[in-house]
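Colleague: I would like to go through the terms used for this model. Please tie each one to its cut-off.

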Amino acid sequence: MSTSRTHPKGMYILGGAAALHNFAFWGVVTLFPFFMTRTFDLAEGDATQAYGAFFGVAFTFPLIGGLLAASFGRYSRAVLIGGLAVAIGCLALSSDNTIILIAGLGLVALGYGMFWPPILALQGKLYDNREQLRDQGFTLFYALSSVGIFATQLVSESLLGSVGWNGFYLLLSGIAVLTMIAVLLGSRSFGELDLVAKEASGVDSGERSPRLISSERKRVLAIITLAGFTVPFWVGCSQMGSLVLFFSRNFVHRNLFSIEVPATVFVSVFALSIIVLGPIMAGFWRYFERKNRPLGAPRQMAISMALLALSFLVISGAALELLLDGSKEHVSSNYLFAFYFLQACAVIIMGPIGLAFVTKWAPKGWTGRLTGLWFAATGLGGFVGGFANQALADILSPVYLYGFFFLVLSSVAIGLFAINRIVFEMLSQ
């Protein structure tokens, strides 16, 4: 493939498949806290912890998926296995049997883990000869894949009211099957780029790949370091689907023309903002590349972390308003719109930039496993977030709880700015 200044067709194929996958997976995630409270009669605090556990497990499985991808020979085959697992898992969730329900959740989590490392590794290979477009390409891919998240968050509760829990999960299973069909139809366009066995298994021409040289070890260390910095970021992001979701349901005006809007519809503002911001951010990164003034991943991530911190300052203001006016039971939905928009601004930077960084700097044979490690950091953040907010809620009032998140994330942002030069030196050697 020759060097080109246009985005490859394969990016749009992968983005479309990822959008379908996201619809199915995030359909499960979006209603997960409510599913726990309604199906298993869990209290909100326990449902939040269960959400964090599921989120953590699902985002840790890519570490396994990145290692297993090699055994399938082609990236597309590994992606198909992930789609199949989600389809079967959602089908199991339509059952009324507790054991089958738990197995279904496990399959959905496993499917997520099997799907993302190979599809992102293939996305990275598409840009090996388009380095000047890599950040933009991953940003556009991220925005395109978020169409599925937006759609499922927008319609999930309405669908649930129409078809019930069983029908809802049957629908999600069908969407997961469509993911597989999209991958099958598009896989022919990738050619040799789809081959995965030699790279991901560390095997080249039948021989074990050489040990990492010093510069490669430093690149791996740089990726691991930045992955560690993302953990508190995803701790904060996980709150939108648990702590803030319950806050919006209980304390926010959600009436539009005398109709009560489901809390999950407000969450869809997040995904919609990502879709809108994707092309804007892609153009922003392209501008800096043309000026030959790239910001560097640590600085970009620091900006993202600062925006996430601001989102908690906003929601802290909402809680403070309730505290200062004891007669007020609900606050304006504008707080939610601002919160989700700032979270989207943060994620549209952190998500694609981090993945672009990994696929660019991972040594040959390490792309799949380091992509899995990056997702594992996300999973750890979600897992910690599910338990930390409940533990902190027992100690802090909502105002101080959200303020605590603001202070922690602001401190991490400062830390990322501080290590920018150190990471640059590790990569330049």
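**Terms and cut-offs**

Colleague: Why is Cys-237 called buried?
Modeller: Its relative accessible area is 7%. Buried means under 20%, exposed over 50%, partly exposed in between, with a 1.4 Å probe and protein chains only. Cys-237 therefore counts as buried.

Colleague: What makes Cys-90 buried?
Modeller: Cys-90 has 0% relative accessibility, so it counts as buried.

Colleague: How many disulfides does the structure hold?
Modeller: Zero. A disulfide is a pair of cysteine sulfur atoms within 2.5 Å.

Colleague: What basis do these values have?
Modeller: This is a predicted model, where local features need pLDDT of at least 70, side-chain atom pairs count only at pLDDT 80 or more, and totals for chains, interfaces and linings use all residues. Residues are numbered from 1 along each chain as its sequence is written, and side-chain values use heavy atoms, leaving out hydrogens and water.

Colleague: What is the average pLDDT of the protein chain?
Modeller: It is 82, and 89% of the residues score at least 70. pLDDT is the predictor's confidence in each residue, from 0 to 100. Over residues 197-210 the pLDDT is below 50. Where pLDDT is low, the predicted coordinates should not be read in detail.

Colleague: How many residues of H12 are buried?
Modeller: 21 of its 28, so H12 is mostly covered. Helix H12 spans residues 334-361 and reaches 41 Å from first C-alpha to last, close to the expected 40 Å. That expectation is 1.5 Å times one less than the number of residues.

Colleague: What share of the whole protein chain is buried?
Modeller: 56% of the 429 residues.

Note on methods:
Helix = DSSP H or I, 4+ residues; strand = E, 2+ residues; numbered from the N terminus. Contact = heavy atoms within 4.5 Å.
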